[in-house]
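User: Could you take a close look at one helix for me and then tie it into the rest of the chain? I'd like cut-offs spelled out as you go.

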Amino acid sequence: MKYLYILFAAVLAVACQQVSKENVYYIRGEAQGTTYGITYIAHQPVEKTAVDSILRVIDLSMSTYIDNSLISKINKGERLPIDPHFEKVISASFDIYWQSKGAFDPSIGQLINAWGFGKKENHTPPTQKQIDSLLALTGMDKVHINDTPKGIFIRKDNPNIQLNFNAIAQGYTSDVIADYFLSKQITNFIVEVGGELVIHGRNTLKGKSWTIGIDNPLQKPDEDREIVATVELTDCGLATSGNYRKLWTDSLTGQKYVHTINPKTGRPQPSNLLSATVVAPSAMLADGYATTLMALGGVEPAKAFLKAHKELRAVLLYSDEAHKGQIQKYVTENFKVEFEE
């Protein structure tokens, strides 16, 4: 009897060893001209090469920084069928374009390049004549999706129209990586690509929801990150758009130019809206809508858009004349946010 007890105990010990406990793991890297990070809780780690392969596939589809990517070839006028990644992103882009009445417009590729925010840095402002000529090459109403027996193709009214999905593709990339982790039965994680996040499950090791920080939009590009607010989230996408990191200054005039370009004027959009943080069902949608709020031209148009889209949760950080140097805030009623004192 004693022998059987010892044998049973030994078998039980081996079985317990085979079921490893959960740990928190991290994956960090560079992609899409920025950085990415993944925090996840699992019994064993995921190979970084699997994540990098996903990033490579998406880059070859939609990166304007790669000469032989699908989007680069389409921008050069080649007629090629688009892949499923490209189709999902351009379809969502059309939806947000029409909802925003053109404030969100991925057809501004030529303007992005002209203002020095594309592949080649150019810190000489374009002339009004140049802007006017490029505005003729802007507008998603001039871009069409053709579904044919040979595949789905993009047709442009003018072959010189250039697409740029930088305002939505990083969010989509986070979604794709999140789907990969879910396929591996890993359900508690944060995926972040270029600041656009997918938050899923909980921090089970601490027994609480994931906590996400919102940056101070008044900090300088070379300063360490400063958090002004935190939110607890699960099963959603989150993105923040702001002009506090991507800008350049004209060395002759001292004029600062931000990366958010107004598709109607063809110029960088000045605004009292410092940053817009959006929570949506996916990081792709959060990314697109956050960009939209910045492109609308101020906090009041952004508020109006949010009131018309109550499915979105958002935080707007802005400045006004009455409180110079102080961050003002607007939070949608459906969003709980803790601000730092």
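Analyst: Here is helix α7 first, then its aromatic surroundings, then the wider chain.

Before we start, this is a predicted model, where local features need pLDDT of at least 70 and side-chain atom pairs count only at pLDDT 80 or more, while totals for chains, interfaces and linings use all residues. Residues are numbered from 1 along each chain as its sequence is written, and side-chain values use heavy atoms, with hydrogens and water left out.

Okay, α7. It covers residues 169–183, 15 residues in total, and spans 21 Å from first C-alpha to last, close to the 21 Å expected at 1.5 Å a residue (the expected span is 1.5 Å times one less than the number of residues). Helices here are DSSP runs of H or I with at least four residues, strands are E runs of at least two, and both are numbered from the N terminus.

How much of α7 is covered? Mostly: 11 of its 15 residues are buried. Buried means under 20% relative accessible area, exposed is over 50%, and partly exposed is in between, using a 1.4 Å probe and protein chains only. The buried set in α7 is A169, Q170, G171, Y172, T173, S174, D175, V176, I177, A178 and F181. After the helix comes Q185, with a positive phi near 60 degrees.

F181 is a good handle on the surroundings. The structure holds seven aromatic pairs, where rings of Phe, Tyr and Trp (its six-membered ring) pair if their centres lie within 6.5 Å; planes under 30 degrees apart count as stacked, over 60 as edge-to-face and the rest as tilted. In one of them, Y40 and F181 have ring centres 5.1 Å apart and planes at 65 degrees, so they're edge-to-face. That pair links distant parts of the chain, as Y40 is in strand β2 (residues 34–42) and F181 in α7, 141 residues apart. Both rings are tucked away: Y40 is buried at 1% relative accessible area, and F181 is buried at 0%. The two also belong to one aromatic cluster with Y25, Y180 and F189.

Another pair involves the loop between β4 (151–156) and α7, where F165 is found; its partner F86 is in helix α4 (residues 84–99), 79 residues away. F86 and F165 have ring centres 5.2 Å apart and planes at 80 degrees, so this pair is edge-to-face too. F86 is buried at 0% relative accessibility, and F165 is buried at 0%.

Rings also take part in charge contacts, where NZ of Lys or CZ of Arg is within 6 Å of the ring centre and within 35 degrees of the ring normal. R79 lies over the face of F153, 3.9 Å from the ring centre, and the charged end of K329 sits over F339, 4.9 Å from its ring centre.

Zooming out, the chain has nine helices and 15 strands, and 49% of its 341 residues are buried. With contact meaning heavy atoms within 4.5 Å, residues 24 or more positions apart account for 57% of the contacts with a separation of 6 or more.

On confidence, pLDDT (the predictor's per-residue confidence, from 0 to 100) averages 88, and 87% of the residues score at least 70. Watch residues 1–18, though: pLDDT stays under 50 there, and the model has zero contacts for them beyond four places in sequence.
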